[in-house]
Amino acid sequence: MITKFKSLSNKQVKRFVSLILIVVLGAGSSAAVFGMSNDVTITDGTDVTKFRTLHNETGAVLRQAGIFVDNEKDKVIRTDLANNQVEIVIKRAFTVDVFFDGEWHSYEVNDGTVADLIASHDIPAGDGFHVSVPMDEPLVDGMRIVISRLIPINVLVDGETRAVSVPEGTVTDALKFLEISTSPDDIVSEPLDRAIEDGLSITVNRVEVNEVTEREPIPFATEVKKSDSLSRGEFKIEVAGVNGEKDVTKRIKYIDGKPSQVEVLAENILKAPVNQIKIVGTKPTAKHRAGRVSISEENGTIVDENGNVYHYTRVLNGVCTAYTNSKKEGGARTSTGQLAKFGLVAVNPKEIPYGTLLYIPGYGFCVAADTGGALLKGQVLVDVFFNTKAECNDWGRRYLKVYPLRPAS
């Protein structure tokens with residue numbers, strides 16, 4: 001090898017050395033260029049650009065990327081990291097509008113929150129004011145912020161009275177601010193477009209409309225027939241009335257849970273009523289001369305045919321029925337031990353004590369001496385005694401005035 005190398009001419013040796021130097025220098029230059037380049041990431045809003053550059057000055061880097069900025073308005077933030085990593089963030093200028101003191105104001109910003117904007121421009125937004133956007137909300141292009149004075153008002157809703165403060169605006173705005181929802185049927189005491197004033201009172205009445213079907217009685221009617229067999233003021237029921245039934249569909253309007261309006265939509269009759277037939281007496285009343293007995297309701301006296309005067313302090317009204325003797329030998333005895341006979345009547349002794357002298361129109365003077373189940377239950381006031389069943393049938397069932405008496409004077 002050495003011998004062969006020595007055999008080369010000087011010219012050949014020089015060429016060989018030059019070639020080696022060129023290769024070595026080329027490799028060194030490449031390494032130097034690689035070591036001087038930067039890996040750049042540029043964030044411009046939502047656009048992200050990544051590339052490698054030999055430039056280091058920020059402006060040159062942006063120009064190489066074809067990105068232009070307004071040096072007076074836009075904000076460029078550069079961060080140099082390890083391993084020739086460079087991050088550039090561009091925050092473009094944008095406009096935010098703020099309403100206060102009765103007019104709109106425009107501000108150019110690059111970033112920050114609502115609170116930052118208010119603080120940096122001394123915008124009035126402390127106690128007694130309401131800001132329409134949350135204070136920690138990031139600012140964005142075209143954002144509109146309304147700052148309003150808070151006004152104290154009173155609101156009555158859902159049974160609760162609330163003293164609150166709301167921003168300037170209308171009644172509709174106040175209800176929305178207070179998160180009070182209303183339906184088209186609800187009643188608001190003030191017009192929805194009325195401007196809010198200090199101390200204004202607003203009442204919201206909840207309205208609900210329901211359709212229901214209810215079963216209701218149909219009252220029976222009463223047919224009246226006149227008879228001169230009964231005195232005036234006396235009557236008897238010939239046919240007992242019976243109520244009918246019907247299903248009624250209604251539309252009911254409730255205000256705050258209370259019915260305020262009822263509209264009948266339909267009726268379905270389930271059972272027709274049975275009319276009552278009432279026999280009414282036409283003979284002169286006991287107030288006038290009735291045979292040889294007269295009653296003065298003004299003086300509280302009864303005068304018999306012999307001129308004896310009886311006094312009464314109360315008048316009982318009720319149903320008077322009739323009964324007669326049983327078929328037992330010797331007849332039936334009353335509750336007081338007496339044989340049942342005309343002039344003795346059955347009563348509820350808690351209401352009319354035994355031994356009480358009574359006057360019953362159409363029957364006459366009598367004594368309370370007997371009782372019975374219907375009397376104790378309060379279904380009948382007095383059960384008068386007759387000697388025959390025919391007389392009982394003729395008496396029937398009458399609604400009369402009964403007079404408890406004191407002895408004659």
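Start by selecting Val239, which sits in strand β14 (residues 235-239); strands here are DSSP runs of E, at least two residues long, numbered from the N terminus. You're looking at a predicted model, where local features need pLDDT of at least 70, side-chain atom pairs count only at pLDDT 80 or more, and totals for chains, interfaces and linings use all residues. Residues are numbered from 1 along each chain as its sequence is written, and side-chain values use heavy atoms, leaving out hydrogens and water.

Val239 is partly exposed, at 31% relative accessible area (buried is under 20%, exposed over 50%, partly exposed in between, with a 1.4 Å probe and protein chains only). Add Val242 and Val274: with Val239 they make a nonpolar surface patch of about 190 Å².

Now click Lys236, also in β14. Lys236 is partly exposed too, with a relative accessible area of 22%. Its contacts (heavy atoms within 4.5 Å), not counting residues up to four places away in sequence, include Leu230, Ile277, Asp394 and Trp395. Try a C-alpha distance from Lys236 to Ile277: 8.8 Å, for residues 41 apart along the chain.

Next stop, the sheet. Select β12, β15 and β16, which form an open three-stranded sheet in that order, with antiparallel pairing (two strands pair if DSSP finds at least two bridges between them). The edges are β12 (207-218) and β16 (258-271), each pairing on one side only. Zoom in on β15 (residues 244-255), whose antiparallel pairing with β16 runs over eleven bridges. Finish on Ile255, which stands opposite Lys258 in β16.

Conventions: Helix = DSSP H or I, 4+ residues; strand = E, 2+ residues; numbered from the N terminus. Patch = residues over 30% accessible without salt bridge, like charges linked within 9 Å, V, L, I, M, F, W, Y side chains within 5 Å. Areas by Shrake-Rupley, 256 points an atom, 1.4 Å probe, with all protein chains shown as cover. Salt bridge = Lys/Arg side-chain N within 4 Å of Asp/Glu carboxyl O.
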